[in-house]
Amino acid sequence: MREAAAAHAQDAIDWPPAWPRVLDDAFGPPPAGDYRAAPEDFRVEEVLDFAPEGEGEHLWLFIEKRDLTTAMAVRELARLCEVSPRVVGYAGMKDRVAVTRQWLSVQLPGREAPEGLSERLAARGIQVLEQARHPRKLKRGVHRANRFSLRLTGAAVTDATVAARWERLCREGVANYFGPQRFGPHGRNLQRARGVLARGWRKRDDRDGMLLSATRSFLFNELLAARIRDGSWATPLPGEVVMLDGSASQFDVAPDDAEALAELRERAARLDLHPAGALWGSGDSRATGEAGEREAAVVARYPHLCDGLERAGVRLGRRALRLRLGEPALTRGDDALWLSFSLPRGSFATAVLRELIAHPTLDPASPDRSP
């Protein structure tokens with residue numbers, strides 16, 4: 001009990017966190033705006049790098065759903081096929097208050113889909129756009145990207161700085177923050193995680209790993225915020241681990257190789273690659289020199305969170321500090337702005353929106369309904 005109390009005291013978390021925006025120094029705070037008055041104002045489409053093979057024991061369905069979570073769609077498909085939800089696969093969780101398109105798979109070995117499956121799903125608000133067989137279950141994280149189409153309203157529509165902010169994001173990239181929904185309303189997921197890690201993480205306390213994910217996301221955002229404050233979030237430092245744009249490929253920057261560092265900084269300016277921050281866990285960080293010092297500063301502030309992740313068996317990973325907007329476009333209507341862009345899997349549209357507009361749900365302190 002004393003150890004747990006000490007962990008809470010030493011790793012005290014100030015909430016809400018003051019994570020900075022990149023563009024405020026140039027433009028000041030963003031104007032007020034709204035971005036999801038109705039599900040049709042927020043559209044998301046999952047992008048895969050491959051197509052189902054056309055045969056196999058898993059039926060893959062490309063669906064469009066409205067005002068439903070992915071978990072709701074999974075349960076409905078399992079119910080209609082009379083199978084356990086465990087045999088239904090999906091690549092990523094999609095928003096509820098939105099119109100979203102994504103793939104689901106359901107294992108149906110040796111049998112056809114139930115008669116009238118598409119019609120019965122449609123009656124529940126799930127339209128089947130495509131279907132095909134495949135030998136394997138759809139796994140989490142296999143999609144390449146998500147394509148967004150978002151409608152903005154409010155004062156932002158007539159604010160001249162919004163277009164300038166947008167152009168800067170297209171040209172220089174977006175800070176790759178985890179979105180506020182990762183932490184729960186008022187940071188409750190993170191506060192729960194803090195207690196669980198102080199006691200020693202157990203699977204039964206966190207069956208889907210949500211609390212571990214919230215902790216790693218918080219530590220990453222803290223590192224990214226520190227790098228934004230010192231101006232190094234988009235520029236490789238000596239000893240950095242960098243990640244190729246649009247790829248999981250990583251390589252290290254030697255702390256004493258000035259020529260290689262200069263070349264990588266030129267490539268970073270073109271958005272070809274990005275500094276990669278730690279998703280904390282056990283294993284070699286690989287970051288050395290100045291980059292390693294930045295990571296060590298976060299560990300020093302939250303030693304018990306980091307130690308708790310390591311004791312839970314989480315392996316250290318990497319995430320780009322910056323992301324490039326894919327195929328970005330901004331169009332104006334009479335009373336709205338429409339944004340369209342794609343993001344790599346695991347990235348959040350809120351990271352883009354919070355640089356453009358001020359809205360309560362983009363603040364981690366607020367109850368969340370964001371992407």
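## An enclosed helix, a four-stranded sheet and its packing helices

In this predicted model, helix α11 (residues 349–356) is largely enclosed by the rest of the structure, because 8 of its 8 residues are buried. Those buried residues are A349, T350, A351, V352, L353, R354, E355 and L356, a list that includes the charged side chains of R354 and E355. Which elements cover the buried residues of α11? Among them are the strands β1 (42–47), β6 (145–152), β7 (174–175) and β14 (337–344), together with helix α5 (160–172).

Helix α6 offers another view of burial along a helix. Spanning residues 188–199, α6 has 12 residues and reaches 17 Å from its first C-alpha to its last, which is close to the 16 Å expected at 1.5 Å a residue. Its buried residues are N189, L190, A193, R194, G195, V196, L197 and A198. Just after α6, the backbone at G200 takes a positive phi of about 110°.

The next element is an open sheet of 4 strands, in which the order is β9-β8-β10-β11 and the pairing is antiparallel. Strands β9 (250–252) and β11 (317–320) stand at the edges, and because each has a single partner strand, one side of each is left without a neighbour in the sheet. From one strand to the next, the twist averages 45°. Within this sheet, strand β8 (residues 241–244) and strand β10 (residues 273–279) pair in the antiparallel sense over 3 bridges, and L244 stands opposite L273 in β10.

Two helices are placed against these strands. Helix α7 (residues 210–229) lies across β10 and β11, running at about 135° to β10, while helix α8 (residues 258–269) packs on the sheet, where it touches β8, β9 and β10 and has a direction that makes about 100° with that of β10. The table sets out both helices with their strands and angles.

| Helix | Residues | Strands | Angle to β10 |
|---|---|---|---|
| α7 | 210–229 | β10 and β11 | about 135° |
| α8 | 258–269 | β8, β9 and β10 | about 100° |

A last point concerns cysteines. How many disulfides does the structure hold? The structure holds 0 disulfides. As for the surroundings of particular cysteines, C81 is buried, with a relative accessible area of 1%, and C306 also counts as buried, at 3% relative accessibility. The cut-off behind both assignments is a relative accessible area under 20%.

Definitions and conventions
Residues numbered from 1 in each chain as written. Predicted model: local features only at pLDDT ≥ 70, side-chain atom pairs only at ≥ 80, totals over all residues. Heavy atoms only, no water. Disulfide = S-S within 2.5 Å. Buried < 20%, exposed > 50% of the residue type's maximum accessible area, 1.4 Å probe, protein only. Expected span 1.5 Å × (residues − 1). Pairing = 2+ DSSP bridges. Axes fitted to C-alpha atoms, helices over the stretch in contact; angles between N-to-C directions. Contact = heavy atoms within 4.5 Å.
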